[in-house]
Amino acid sequence: MRGHRNGGSQCILDSISLQVREGEIAGLVGESGSGKSMLGSAIGGLQPMNCKITEGRILWRDRDLRGADEALLSALRGSQIAYIFQEPMTALNPTLSIGRQLVDVIRRHTEPDSSSARHRALKLLADVRIDSPEDVFNAWPYQLSGGMRQRVLIAMAFSCTPALIVADEPTTALDVTVQAKVLTLLLTLARERRTAVLLISHDIGVIRRACETVHVMYAGRIVERGSTTAVLAAPRHPYTRALLDCLPGRARPKSRLKTLSTSMQTMPGCCFRARCHLAFQQCSEVPPLADISSGDAAACWLTQQDQLKGELF
Ligand SMILES: Nc1ncnc2c1ncn2[C@@H]1O[C@H](COP(=O)(O)OP(=O)(O)OP(=O)(O)O)[C@@H](O)[C@H]1O
Ligand code: SF4
Ligand SMILES: [Mg+2]
């Protein structure tokens, strides 16, 4: 994907390969600016107008959505692919009551009859553990707390029984005490309904708790992917290792917390080369995302050399 602005163009996503299976909870993690939201939004055709996908395919059940017209994408969004964004206040319309917004979504995609849509909206509010669904149905967005608004957006996302929910930092804007409850709710509903979730987060703790598989992004590329347990227990890519080393729980008592030196910048070859203390000559070429073991893969020359040695000896 390329972004065009101020007369120039910049590569935002490159050589992306990401698959989410039916009912899977998959994680996408990486630091700010790595391209997580761009990737999540591109799935449903929601990337900004000045960003164009120039190559590749976005396969939705054998159908290529790249270049699909807005009518098809808009029919898919809400009915098969739903989104939950970070900031619940901006995702809700402040000029309409909660009930009206829920009923509108339900009527657009499933129940044209307004009284059954109302009934379904109240049931959904109860499903997201809202104690007084009638009160929230009649409330305006500004009258609800951040946690309640995010519950409403979760209800909206599930309203048309989608097959995939793209949840982009769904708990980041919430108070820490509410974050865990909202995440648990989202995961419980997804597992009960066998809904696949692509959970985007910069927080490895969230990914560890929630996801069966994880994709690690750096500078617009997937640099490592695999089962969450395997990747977090034995990360193969130096960037994944550095991310894990920065977790507060890993620091020895009274020692300084580790941080990644310098900011994300790219140079020709491996996208992590400018910050990688292991870089060597071959890193001036782009390493492919190569399979390491059953479904796990990393884009690092060193890992691939070690793998080869392991196979030879
Ligand atoms: N409208 C745009 N036009 C061109 N480039 C953009 C546009 N929006 C974002 N970008 C660039 O795309 C890159 C990826 O941005 P993105 O928002 O996907 O990152 P992110 O990983 O979601 O970060 P965060 O964790 O802060 O949400 C950034 O380098 C950003 O500068
Ligand atoms: S390919 Fe080279 S620069 Fe890139 S992560 Fe591996 S060792 Fe570091
Ligand atoms: Mg983002």
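Start by selecting residues 98-109 and 114-127: these are helices α4 and α5, which pack at an angle of about 115° with their axes 9 Å apart. Their crossing is right-handed. Keep in mind as you look around that this is a predicted model.

Now show the side chains where the two helices touch. From α4, pick G99, L102, V103, I106 and R107; from α5, pick S114, A117, R118, R120, A121 and L124. Colour them by character and you will find six nonpolar, two polar and three charged residues in this contact.

**Zoom out to the whole chain**

Switch to a cartoon view, and the chain shows 12 helices and 13 strands. Its radius of gyration is 21 Å, close to the 20 Å from the globule rule for 313 residues, so the chain is as compact as a globular protein of that length. Turn the C-alpha trace along its principal axes and it spans about 70 × 50 × 40 Å. Of the 313 residues, 38% count as buried. Among contacts with a separation of 6 or more, 61% are between residues 24 or more positions apart.

**Next stop: ligand 1**

Select ligand 1 and the 15 residues around it; G3, S32, K36, S37 and M38 come nearest. Two elements give two or more residues to this shell, β1 (2-5) and α1 (36-43). Which of the elements gives the most? That is α1, with three residues. By character, the shell around ligand 1 holds four nonpolar, nine polar and two charged residues.

**Then on to ligand 2**

Centre on ligand 2 and display what surrounds it: P238, C270, F272, R273, C276, L278, A279, C283, P287, C300, W301 and L302. What is the make-up of this shell? There are 11 nonpolar residues, no polar ones and one charged.

**Last stop: R2**

Go back to strand β1 and click on R2, which lies in it. Is R2 buried or partly exposed? It counts as partly exposed because it has 15 C-beta neighbours inside 10 Å. Leaving aside neighbours within four places in sequence, you can select the contacts of R2 as S9, Q10, C11, I12, C51, K52 and T54. To finish, draw a distance from the C-alpha of R2 to that of E192: they are 38 Å apart in space and 190 residues apart in sequence.

Methods
Residues are numbered from 1 along each chain as its sequence is written. Chains are lettered from A and ligands numbered from 1 in the order in which they are written. This is a predicted model: local features need pLDDT of at least 70, side-chain atom pairs count only at pLDDT 80 or more; totals for chains, interfaces and linings use all residues. A residue is near a molecule or strand if its C-beta atom, placed from the backbone, lies within 6 Å of it. Ala, Val, Leu, Ile, Met, Phe, Trp, Tyr, Cys and Pro count as nonpolar, Asp, Glu, Lys and Arg as charged, and the others, Gly among them, as polar. Helices (H or I, at least four residues) and strands (E, at least two) are DSSP runs, numbered from the N terminus. The radius of gyration is taken over C-alpha atoms; the globule rule is 2.2 Å times the number of residues to the power 0.38. A residue is buried if 20 or more other C-beta atoms lie within 10 Å of its own, exposed if 12 or fewer, and partly exposed in between; C-beta atoms are placed from the backbone. Two residues are in contact if their C-beta atoms, placed from the backbone, lie within 7 Å. Axes are lines fitted to C-alpha atoms, for helices over the stretch in contact, and angles run from 0 to 180 degrees between N-to-C directions. A crossing is left-handed if the near helix is turned anticlockwise from the far one by less than a right angle, and right-handed if clockwise.
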